[in-house]
Amino acid sequence: MSQISLQADETYMDERLDKFLSAMLPDQSRSYLQKIIKDGKVLVNGEPKKSSYRLEDGDEVTADLPELKSPDIEPENIPLDILYEDDSILMVNKPKGMVVHPSAGHYTGTLVNAVLWHCQGQLSGINGVSRPGIVHRIDKDTSGLVLAAHRESERAQLAGRVEKLYYAVVEGELPLGPGVIDAPIGRQGGSIIGRCVTPDGKPSRTEYTILKAENGLSLAACVPVTGRTHQIRVHFASIGHPLAGDDLYGGSRARIGRQALHCARQTFRVPRCETLEDGICIEAPVDETTLRTVTVESPLPADMAQFFR
C-alpha cells in the first residue's frame, strides 16, 4: 500500500472529491478512484468522505493506493497480427469478434490473453493491476488497430496523443465529401452500454469524409476528434444513418453481421533511439525535438469492402 498526500487550493473549491482525484491522478480511472473512496482509503482532513464531497480551500486529502498485483488472467498462445513493435509498444490488427479485455463470459481468447503471452512479462500496470497497457480499446465486433504498451509510463505518454482514423459503412447514400457531426454524447437512460446524443452529454465531435456511396450504403473515413464511448456509431445514428450491422443503434444486420467499423490508421510519436553493434539501445531524452512520428495502417476488411466497387 502506498500513500499520497494532496492539498486542495482555491482552484478546486467546491469541486467533487472524485473529480479532484481524477485531475490529480490522471492515470487512474474515475471508477477506480470512486471505489477506493467508498472503501475508506481516501481521507479529507483525516476523515473519510463520499465521492460527492465538495472540497474547501486548504483541505488535506490523503489516499492509500493498493500495491500492484497480478491479475487472474492466463497468457494464451494466440496468433497476433502485429503491424508495428519496438521495445516499448506494439500495434495489433485485431480481427472482428475478438474481445479486447477479459470480462464476464470472456475470460479466455481475448487480445489481452494473447498479448500477455507475447510480452513475456514486460507489462504495464493500470488501476493497481499488472496487465498489458491497452492505450485505446475497441469493441468486440469492431476490427482494426489496437495499441498496447509494455509499461505504464509509455501508456500514460500515449493516452490522448494518438491520432486515429476509422472506416465506417453507414446506411444510406450520403453526399460525397467532408462533413462534421458536433453533438454531445451521454448515457442512454439507465443503460450501462448504450449512449445517445443528449444536451446533458459531453462535448463530442466527429469529422468525416464520404468516400463512396452506392448500393444504399456509404463509406465514411472518420476522425473522432473527441474519444467518447461508441462515438462514431452514436453520431451517425443521430443523423439517421446508423452503421450497417449496428443493431444496438438501429442498423440492420441483413447485409453484414457486425457493426461495420474498422480502425484503419493510428499516428503517434515515440522517442528516437540508436541501436549500437552490441545491441544496446540509446534513447534520446523525450521532448518535441527528439520524438519521431509513427503511422500504422490497416486496410479495409473484405466484409466491409464488398459493398463498393
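**Notes on a predicted model: hairpin, helix α2 and loop residues**

1. Start with the hairpin. In this predicted model, β5 and β6 form a hairpin, with three residues between the two strands. β5 covers residues 82–85 and β6 covers residues 89–94. The pairing is antiparallel and runs over three bridges. Tyr84 has Met91 in β6 as its bridge partner.

2. Next, helix α2, residues 30–38. Its buried residues are Tyr32, Leu33, Ile36 and Ile37. These residues lie on the same side of α2, because they cover an arc of only 140° around the axis. The face turned away from that buried side carries Ser31 and Lys38, both exposed.

3. What do the buried residues of α2 pack against? Their partners are α1 (17–24), β2 and β4 (60–65). So the list holds one helix and two strands.

4. Just after α2 comes Gly40. Its phi is positive, about 80°.

5. Two asparagines deserve a look at their backbone. Most residues other than glycine have a negative phi. Asn45 has a positive phi of about 55°, although it is not a glycine. Asn45 sits in the loop between β2 (42–44) and β3 (47–48). Asn45 counts as partly exposed because its relative accessibility is 45%, between the 20% and 50% cut-offs.

6. Asn215 also needs checking. Phi of Asn215 is near 55°, again a positive value in a residue other than glycine. The residue lies in the loop between β15 (205–214) and β16 (217–224). Its relative accessibility is 46%, so Asn215 counts as partly exposed.

7. Asp59 is the charged residue to inspect. It is found in the loop between β3 and β4. Asp59 is buried, yet it has no salt bridge. Where is the nearest side chain of opposite charge? It belongs to Lys49, 7.8 Å away. A salt bridge would need the charged atoms within 4 Å, so Lys49 does not qualify.

8. What does the side chain of Asp59 reach? It reaches the backbone nitrogen of Glu56, at 2.9 Å.

9. The surroundings of Asp59 tie back to point 5. Neighbours within four places in sequence are left aside here. Asp59 is then in contact with Leu6, Gln7, Ala8, Val44, Asn45 and Tyr53. Among them is Asn45, the residue with the positive phi of about 55° in the loop between β2 and β3.

Notes. Residues are numbered from 1 along each chain as its sequence is written. This is a predicted model: local features need pLDDT of at least 70, side-chain atom pairs count only at pLDDT 80 or more; totals for chains, interfaces and linings use all residues. Side-chain values use heavy atoms; hydrogens and water are left out. Helices (H or I, at least four residues) and strands (E, at least two) are DSSP runs, numbered from the N terminus. Buried means under 20% relative accessible area, exposed over 50%, partly exposed in between (1.4 Å probe, protein chains only). The arc is that of the directions from the helix axis to the C-beta atoms. Contact means heavy atoms within 4.5 Å. Two strands pair if DSSP finds at least two bridges between them. Lys and Arg count as positive and Asp and Glu as negative; His and the chain ends are not counted. A polar contact is a pair of N or O atoms within 3.5 Å; within protein, one must be able to donate a hydrogen and the other to accept it, and residues adjacent in sequence count only if both atoms are side-chain atoms.
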